[in-house]
Amino acid sequence: MTTEGPLVPLETWTRWPSSEALAQERRSRPRQLLNFFSRTVLLSVIVWGTYATGRFTGWSAVLMAVRILVTVGLFYLLTRTTRVHRIGPALVVVAGLLATAALAHESGALLLANATWCAVAVIGLLRLPLAAALPSCVAALASYAVGSGDGFVAMLATVVGMVLLGYLLRLDGEARSSAQRLVEQQLAARAAEAESAALAERARIAREIHDVLAHSLSAQLVHLEAARLMLDRGAEREQIRERVVAARRMAQDGLVETRQALSALRGEFTPVGEFLVELARTEGAVLTVRGTPRPLAAEAGLAVRRTAQEALTNVRKHASGGACTLQLSYLQDDVELEIRNARSAPDAVSADLAASGSGYGLLGMRERAELLGGSLLAGPDNGGWRVLLRVPA
């Protein structure tokens with residue numbers, strides 16, 4: 001036998017209205033002003049209606065003013081105790097309000113008494129758990145039905161109206177509470193997304209700087225290794241100097257590209273086409289472009305740049321002197337870069353030069369492409385080598 005069935009109804013009867021529904025400071029400014037204005041008007045009507053009968057003069061008028069202030073104070077205490085979910089003090093205040101209304105009725109302040117009974121019924125339904133709200137509402141409306149002096153139809157209409165008003169206000173408060181919680185959840189989700197985006201941005205920047213430095217150091221090593229081999233063979237001083245100057249230029253370019261990498265992730269700093277034209281000219285390669293050129297996203301553009309640089313560095317190391325072609329294709333949803341190089345003469349490549357570098361350049365480019373949802377293929381091609389990059393763009 002399970003006991004889970006009764007738990008839901010019990011929770012429904014004992015659950016307080018949400019704090020968001022009861023908190024005045026969570027309401028919009030126009031709603032707060034409307035609430036204050038309506039309370040002020042209602043209190044003014046009650047005071048005017050009580051004293052307009054002419055029954056209260058002299059000390060009786062002072063006593064009635066004290067009763068009105070006590071009633072207002074008790075209503076304030078009711079809102080405070082229900083806001084902090086104090087059921088015992090709240091029920092004591094409800095009992096005090098019912099007693100105050102009865103005393104007002106005995107003294108002839110029928111408007112004050114009726115308004116107090118009706119207000120207790122509505123506020124009880126709005127602010128108390130149902131287990132306490134329904135008895136409070138029944139007690140208040142029963143007192144009104146007995147002591148109001150209204151006809152049966154008017155009394156019944158008032159009782160039904162107060163019950164519906166309290167219930168609708170309770171539903172409205174719960175709806176506003178749900179909306180408030182939804183807004184807070186959305187704000188929390190947006191904050192989490194912003195934090196996640198910031199972490200992803202840092203990871204992208206770190207990866208980009210890693211790729212820039214890896215390419216720069218690899219290219220420097222190629223030139224420095226070539227200079228060492230020239231020294232061993234007794235080459236001319238000017239030829240050796242050219243290699244050292246090239247390595248120095250690579251170091252400077254690496255620093256420049258590291259700075260550019262930070263801005264490149266936030267926007268394309270140079271069109272990819274222009275970059276490849278300059279790179280092909282420097283390396284002696286042939287570039288062709290297919291499709292209609294268009295701006296690329298920062299990461300897609302960087303993937304194309306780094307792949308082209310790494311592939312041409314490998315050509316310089318392993319196939320120096322061989323023909324090399326680059327083809328950039330703008331497809332419908334992707335951009336594709338293909339680098340092909342022919343096999344060079346066997347004596348054109350030094351074994352020491354080919355062995356320089358880490359050997360992880362294209363592996364890093366493949367990981368970058370896969371992170372972007374693309375692919376990178378590299379392998380032999382008719383005696384040469386072919387690198388094919390495709391990324392969404």
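Student: Which residue in strand 3 stands opposite L326?
Tutor: Heads up, this is a predicted model: local features need pLDDT of at least 70, side-chain atom pairs count only at pLDDT 80 or more, and totals for chains, interfaces and linings use all residues. Residues are numbered from 1 along each chain as its sequence is written, and side-chain values use heavy atoms, without hydrogens and water. Strands are DSSP runs (E, at least two residues), while helices are H or I runs of at least four, both numbered from the N terminus. Across from L326, in strand 3, you'll find I339.

Student: How many bridges join strand 2 to strand 3?
Tutor: Two strands pair if DSSP finds at least two bridges between them. Strand 2 covers residues 324–330 and strand 3 covers residues 334–341, running antiparallel. The number of bridges joining them is 7.

Student: Which strands stand at the edges of the sheet?
Tutor: The sheet is open, with mixed pairing and the order 1-2-3-5-4. Each edge strand has a single partner, so one side of each is left without a neighbour in the sheet. That's strand 1 (286–290) and strand 4 (375–381).

Student: Does L171 count as buried, partly exposed or exposed, and which is it?
Tutor: L171 sits in helix 8, residues 152–233. Buried means under 20% relative accessible area, exposed over 50%, and partly exposed in between (1.4 Å probe, protein chains only). L171 has 42% relative accessibility, so it counts as partly exposed.
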